[in-house]
Every structure is written in structure tokens, then in C-alpha cells.
Amino acid sequence: MRILLAGLFSPSGRNPVGGLQSWQRTVREELERRGHDCTEWEHGQDIPNRRFDLGVVANAAFTHRVAILCKRVVNVSHGPIAEERPAAQADMTFYVSEGVRLHWVDKGRPNGGIARQPINLDFWTP
């Protein structure tokens, strides 16, 4: 499956530190281990010239331009800040914790499941 992982920043982009970047890198590595073809994209990069079976997007206000390249879109919200507001038009919405979900559902955003923050010890090293 061709999968796009998109966010305001990506682990291979201009600001490779942070929770979203770690989450995206860990998920990408697991998806690739399972045989999927993954592409990372961050806000400000050129739009890919291909289509994807699935888009896993964060920071929906910044990634909507590439989400339209995907047959299905899963939005993952990583926190209670404006940049993490879930997209109403996503096929599915996930949150990294119950607290994040509660914050956005209380503000009228879609209810959804929990996709916990995996800890990648290769990324988070002293």
C-alpha cells in the first residue's frame, strides 16, 4: 500500500525533533517493515506528484493540500493546541491520549480512537 505520512514537520525535514516527528518516524518504520511504501511530507515542501492509498495526517490545517492525494485519510491529533485541531473531513480520527481526545471532542471535533505515542529509543537518545 502507498502511504503518505504528513504533518507540519517530519522526522526527515527541517525540524526533526518533537513528538509528532518521533510518532511519524516510528509508525513509518513499522509500516515499511510490513512491506508498505511510505512517503513523508511536511508543510512547505513541494506537493508529491503521485496518489496514495492512505494518508496519515497531523496538523490538518497545514496538510489539507496533500490529504486530497489520498483515497482514505486518517487524522491523528497529537495535542490540545490549535495546530493539532482534527480535520472534520477525515475518514477516521485518532488521538494520542484520552486527554487529547476529550479536549477536541468537547470542542465539537470528531470522536475517535486512541493511537498511543510509541517511544522510539533510536530517535530519543541522549
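Student: Before looking at single residues, what does buried mean here, as opposed to exposed?

Tutor: A residue counts as buried when its relative accessible area is under 20%, and as exposed when that area is over 50%. Keep in mind that this is a predicted model. Take E42, which is found in strand β2, residues 37-42: its relative accessible area is 3%, and therefore E42 is buried.

Student: Which polar atom does the side chain of E42 lie close enough to for a distance to be given?

Tutor: A polar atom of the E42 side chain lies 2.8 Å from the backbone nitrogen of S10. If neighbours within four places in sequence are left aside, E42 is in contact with G7, L8, F9, S10, G13 and R14, so that S10 appears both in this list and in the polar pair.

Student: How should I read N75, and is it buried or exposed?

Tutor: Begin with its place, since N75 is found in strand β4, which covers residues 70-77. With a relative accessibility of 1%, N75 counts as buried. Its side chain reaches the backbone oxygen of V57 at 2.8 Å, and V57 is also among the residues in contact with N75 once neighbours within four places in sequence are set aside, a list that includes A58, A60, R85, P86 and F94.

Student: What stands out about the backbone of N59?

Tutor: The phi angle of N59 is near 50°, which is a positive value in a residue other than glycine. N59 has its place in the loop between β3, residues 52-57, and α2, residues 60-67, and with a relative accessible area of 3% N59 is buried.

Student: How many disulfides does a search of the whole structure find, and why are C38 and C70 not bonded?

Tutor: The search finds 0 disulfides. A disulfide needs two cysteine sulfur atoms within 2.5 Å, but the sulfur of C38 is 12 Å from the closest cysteine sulfur, which belongs to C70, and this is too far for a bond. Seen from the other side, the closest cysteine sulfur to that of C70 is the one in C38. C38 is buried, with a relative accessible area of 13%, and C70 is buried as well, at 11%.

Student: What shows where empty space is left?

Tutor: The general idea is to roll a probe the size of a water molecule over the atoms, which shows where empty space is left. In this structure the count comes to 1 cavity of 30 Å³ or more, and the largest cavity has a volume of about 40 Å³. The elements that give two or more residues to its lining are β1 (2-7), α1 (19-33) and β3, with α1 giving the most, 3 residues.

Student: Which residues line the largest cavity, and how do they divide by class?

Tutor: Among the lining residues are L5, A6, L20, W23, Q24, V57 and H78. By class, the lining has 8 nonpolar, 2 polar and no charged residues.

Student: What is the volume of the largest pocket, and which residues lie nearest its centre?

Tutor: The largest pocket has a volume of about 170 Å³. Of the 14 residues that line this pocket, L20, N59, H78, I81 and E84 lie nearest its centre. The lining of the pocket has 5 nonpolar, 7 polar and 2 charged residues. L20 and H78 also belong to the lining of the largest cavity, while N59 is the loop residue whose phi is positive.

Note on methods:
Residues numbered from 1 in each chain as written. Predicted model: local features only at pLDDT ≥ 70, side-chain atom pairs only at ≥ 80, totals over all residues. Heavy atoms only, no water. 1 Å grid on protein atoms, 1.4 Å probe; cavity = no way out; pocket = protein on both sides within 12 Å on 5 of 7 lines; lining within 4 Å. Points joined across faces, edges and corners; volume = space filled by probe spheres on them. Nonpolar A, V, L, I, M, F, W, Y, C, P; charged D, E, K, R; others polar. Helix = DSSP H or I, 4+ residues; strand = E, 2+ residues; numbered from the N terminus. Buried < 20%, exposed > 50% of the residue type's maximum accessible area, 1.4 Å probe, protein only. Polar contact = N/O pair within 3.5 Å; in protein donor to acceptor, adjacent residues only side chain to side chain. Contact = heavy atoms within 4.5 Å.
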